[in-house]
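Trainee: I've got this model open on my screen and I'd like to talk through its empty spaces and its charged side chains. Can we take them one by one?

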Amino acid sequence: MYFRTTNILNFVLMRLKLLFGLFIASALFSCKTENNTVDARFEFDRLCGKWMDANKDNAFNEEWRRENENLIVGKGYVLSENDTVFIERLSIEIAENKVVYAAEVSNQNKDMKVPFTAVKQTNKKVVFENVQHDFPQRIIYHPTSDNELRLAI
């Protein structure tokens, strides 16, 4: 058989275009669907209510309520043998396309709020960070059911 050079070249170019198109399509469809930006809205109403983490010596509690469309407020406290030994005022506010968690503890940080910005939000969890803060630098809320909330620092 005899092939002309232009026909072979056109055949090769057509196959390369097809392979390139398949490569692009497979890359697009294989990407993760989880959104790591604050545009994937975590349902903050899931935090509203009373939460308690009890161990043998004391119990850490958080209580949250919706204040308005862009703000939920709460308090965190530790009970030790029915005495409150630690308390903090908490808030999560959505403003200017950012979500900011803030904690205010009396006699710490000059009684100023310490902000933590949401760096990752999915429909299942939200991660707040403030790398300039001594401790904690990261706070993660991950409701695993209607009755269970995992909090990691």
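Trainee: How many cavities of 30 Å³ or more does a search of the whole structure find?

Mentor: Keep in mind that we're looking at a predicted model. Rolling a probe the size of a water molecule over the atoms shows where empty space is left. Searching the whole structure for cavities of 30 Å³ or more turns up just one.

Trainee: And what volume does the largest cavity have?

Mentor: Its lining includes Phe44, Arg66 and Glu69, along with Asn70, Leu71, Ile72, Ile92, Glu93 and Ile94. By class, that lining splits into five nonpolar, one polar and three charged residues. As for the volume of the largest cavity, you get about 40 Å³.

Trainee: Which strand gives the most residues to the lining of the largest cavity?

Mentor: Two strands supply at least two lining residues each: E3, covering 71-80, and E4, covering 83-95. The top contributor gives three residues, and that's E4.

Trainee: On to the open space, then. How much space lies in the largest pocket?

Mentor: There are 29 residues around the largest pocket, and those nearest its centre are Phe60, Glu62, Glu88, Leu151 and Ile153. Sorted by class, the lining has 18 nonpolar, five polar and six charged residues. The space in the largest pocket comes to about 610 Å³.

Trainee: Which element gives the most to the lining of the largest pocket?

Mentor: Several strands give two or more residues to that lining, among them E1 (49-54), E2, E4 and E6 (114-121). Strands E8 (138-143) and E9 (149-152) are on that list as well. The biggest share is four residues, and it comes from E5.

Trainee: Glu62 caught my eye. Which side chain of opposite charge is nearest to Glu62, and how far away is it?

Mentor: Glu62 sits in strand E2, residues 59-68, and is one of the residues nearest the centre of the largest pocket. Glu62 is buried but has no salt bridge. Its side chain does make a polar contact of 2.8 Å with that of Trp64. The nearest opposite charge is 12 Å away, on Lys75.

Trainee: So where do charges pair up? How far apart are the closest N and O atoms of Arg65 and Glu67?

Mentor: Side chains of opposite charge can pair when their charged atoms come close. The structure holds five salt bridges, and Arg65 with Glu67 is one of them. Both partners are partly exposed, Arg65 at 48% relative accessible area and Glu67 at 42%. Their closest N and O atoms are separated by 2.4 Å.

Trainee: What about Glu104 and Arg89: how many residues apart in sequence are the parts that this pair ties together?

Mentor: Those two side chains form a salt bridge, 3.4 Å from N to O. Glu104 belongs to strand E5 and Arg89 to strand E4, so the pair links parts of the chain that are 15 residues apart in sequence.

Trainee: Is Glu104 buried or exposed?

Mentor: Its partner Arg89 counts as partly exposed at 41% relative accessibility. Buried means under 20%. Glu104 has a relative accessible area of 18%, so the label is buried.

Trainee: One more pair. Which side chain meets Glu129 in a salt bridge?

Mentor: Glu129 is partly exposed, at 23% relative accessibility. The other side chain is partly exposed too, with a relative accessible area of 42%. The N to O distance is 2.4 Å, and the partner is Arg138.

Notes
Residues are numbered from 1 along each chain as its sequence is written. This is a predicted model: local features need pLDDT of at least 70, side-chain atom pairs count only at pLDDT 80 or more; totals for chains, interfaces and linings use all residues. Side-chain values use heavy atoms; hydrogens and water are left out. On a 1 Å grid over the protein atoms alone, a cavity is a set of points where a 1.4 Å probe fits but cannot get out, and a pocket is an open set with protein on both sides within 12 Å along at least five of seven lines; lining residues have an atom within 4 Å of a point. Grid points are joined across faces, edges and corners, and a volume is the space filled by probe spheres set on the points. Ala, Val, Leu, Ile, Met, Phe, Trp, Tyr, Cys and Pro count as nonpolar, Asp, Glu, Lys and Arg as charged, and the others, Gly among them, as polar. Buried means under 20% relative accessible area, exposed over 50%, partly exposed in between (1.4 Å probe, protein chains only). Lys and Arg count as positive and Asp and Glu as negative; His and the chain ends are not counted. A salt bridge is a side-chain nitrogen of Lys or Arg within 4 Å of a carboxyl oxygen of Asp or Glu. A polar contact is a pair of N or O atoms within 3.5 Å; within protein, one must be able to donate a hydrogen and the other to accept it, and residues adjacent in sequence count only if both atoms are side-chain atoms.
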